[in-house]
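Reader: Could you take me through one part of this model in detail, and tell me how its surroundings are arranged? I would enjoy one connected account.

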Amino acid sequence: MSQIRQENDSNAGGVFVNFNQDCTSLAVGTKECYRLFSLSSVDRLDLIYESSSELDEDVCLVERLFSSSLVAVVSLSSPRKLKVCHFKKGTEICNYSYSNTILAVKLNRARLVVCLEESLYIHNIRDMKVLHTIRDTPPNPQGLCALSPNNDHCYLAYPGSSSIGEVQIFDAYNLQAKTMIPAHDSPLAAIAFSSTGTLIATASEKGTVIRIFKVSDGARLHEFRRGVKRCATIYSLAFSADSNFLVASSNTETVHVFRLETTKDAQRPGSSSEEPQGWMGYLSKAVSVSASYLPTQVADVFSQGRAFATVHLPFQGIRNVCALATIQKVTRLLIASTDGYVYIYAINPTEGGDCTLLKQHRLDGSTDNGPENSQTSEVHSAGQGKVKLDSTGSYALIVRGRPFSQMTASFPLHFFSFIGLSSSRGGLS
């Protein structure tokens, strides 16, 4: 299996995997159904829900709204149709059809955003009405976008260019453009908001540098170097709940965790604000002085942060998503891969270093927690069916581009009471 993973990532994937907004659950879409798992324990995955309807086959997108019963589902058989369901009652709340293939769906308690290749639809989640449409966006074949999970900073981010790494920030609550951030020279590959919506992390197609910006004014706050020797395709970026850490996964076997140090952190007791003595002190000072005479590109390498902690996965080239979740009051690093596994690692928040694998779970309902023989080519996808992925692991190139004459909508009049609204700002309880 490891040879297949290394040589052909388009044959390695079989399921859709995604964490919800606060990383308390994991959604899995397969050929037969979709499943929701609770992430409340390291030792086991508790199955919250498994769909049984024939209409839920070939699921390619599943998005759950925090820990509510609201889920948004898209299938390969109807790639232009979005279904919003109440999974506990087993009923469909509403459905919408769009003019082209749905590439991504994002939710928070105020908005639902549907991303097509060259447009974005912003819905009011209270009644699913379309509030605003962003048309003629730069071609976005991977459906790259991010929606802040925070209602008070309800921002939407998407590529502002298809040739360079510009990030367009749109206020999805007040429905107006906020700012444009020139993040990278190369096109964007990944973007992610912090839990408060005040920070945004970006990576380009080159994949060597991760940057973090302040959303309010676009100021660059942090810059981290993932690697120097080789470029990589960044699959996923995710902040910790407290925004002290950022994790990045890619098509390589290494997952990087970066620590977002502030000035206060750098001066904390034990960190020694004084210059180090001896040979190391001399060398450090010499490098710092010489960096000021070097070209900007070279000097930037000296100033970029390095990984605080790392994970070495037992595979590479398989699409995956990462998360820093709080499980039983302890921060854990989670990696869910499209071959049907989730890996849970311990991370030392003080010392960093190599993370320890605590548990590995299958996502097909089987009790087998891992392949006994890594050379068995089909063991991971058994019982799941296969969704052939493109070179970057997206299903988008398979189904996008099918014409459809118009957008239609259908939802019941009792939508408000059905999903259980709160009196908070545009939100769901």
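Author: Let's look at the two faces of strand 27: on one side Tyr-341, Tyr-343 and Tyr-345 are buried, and on the other Val-342, Ile-344 and Ala-346 are buried as well. In a regular strand the side chains alternate between the two faces of the sheet. Strand 27 covers residues 341-346, and 6 of its 6 residues are buried. Please keep in mind that this is a predicted model.

Now for the neighbours of this strand. Strand 26, residues 330-337, pairs with strand 27 in the antiparallel sense, over 6 bridges. One pairing to look up on your screen is Arg-332, whose bridge partner in strand 27 is Ala-346. The two strands, 26 and 27, make a hairpin with 3 residues between them. In that turn sits Gly-340, with a positive phi of about 95 degrees.

Strand 27 also pairs with strand 29, residues 356-362, again in the antiparallel sense and over 6 bridges. Here Tyr-341 stands opposite Arg-362 of strand 29.

Arg-362 is a good place to turn to the charged side chains. Side chains of opposite charge can pair when their charged atoms come close. Arg-362 forms a salt bridge with Asp-364, at 2.5 Å from N to O, and both of these residues are buried. Elsewhere, salt bridges with shared partners join Arg-211, Arg-220 and Glu-223 into one network. Within it, the closest N and O atoms of Glu-223 and Arg-220 are 2.7 Å apart. Glu-223 counts as buried because its relative accessibility is 11%, under the 20% cut-off. Arg-220, in contrast, has 45% relative accessibility and therefore counts as partly exposed.

You may like to set these beside another pair, Glu-261 and Arg-259, whose side chains meet in a salt bridge at 3.3 Å, N to O. Glu-261 is partly exposed, with 37% relative accessibility, and Arg-259 is partly exposed too, at 23%. The count for the model comes to 8 salt bridges.

One last stop, if you have time for a polar side chain in a loop. Ser-68 lies between strand 5 (59-64) and strand 6 (70-75). Its relative accessibility is 17%, so Ser-68 counts as buried. The side chain of Ser-68 reaches the backbone nitrogen of Leu-70 at 3.2 Å.

Technical notes:
Residues are numbered from 1 along each chain as its sequence is written. This is a predicted model: local features need pLDDT of at least 70, side-chain atom pairs count only at pLDDT 80 or more; totals for chains, interfaces and linings use all residues. Side-chain values use heavy atoms; hydrogens and water are left out. A salt bridge is a side-chain nitrogen of Lys or Arg within 4 Å of a carboxyl oxygen of Asp or Glu. Buried means under 20% relative accessible area, exposed over 50%, partly exposed in between (1.4 Å probe, protein chains only). Helices (H or I, at least four residues) and strands (E, at least two) are DSSP runs, numbered from the N terminus. A polar contact is a pair of N or O atoms within 3.5 Å; within protein, one must be able to donate a hydrogen and the other to accept it, and residues adjacent in sequence count only if both atoms are side-chain atoms. Two strands pair if DSSP finds at least two bridges between them.
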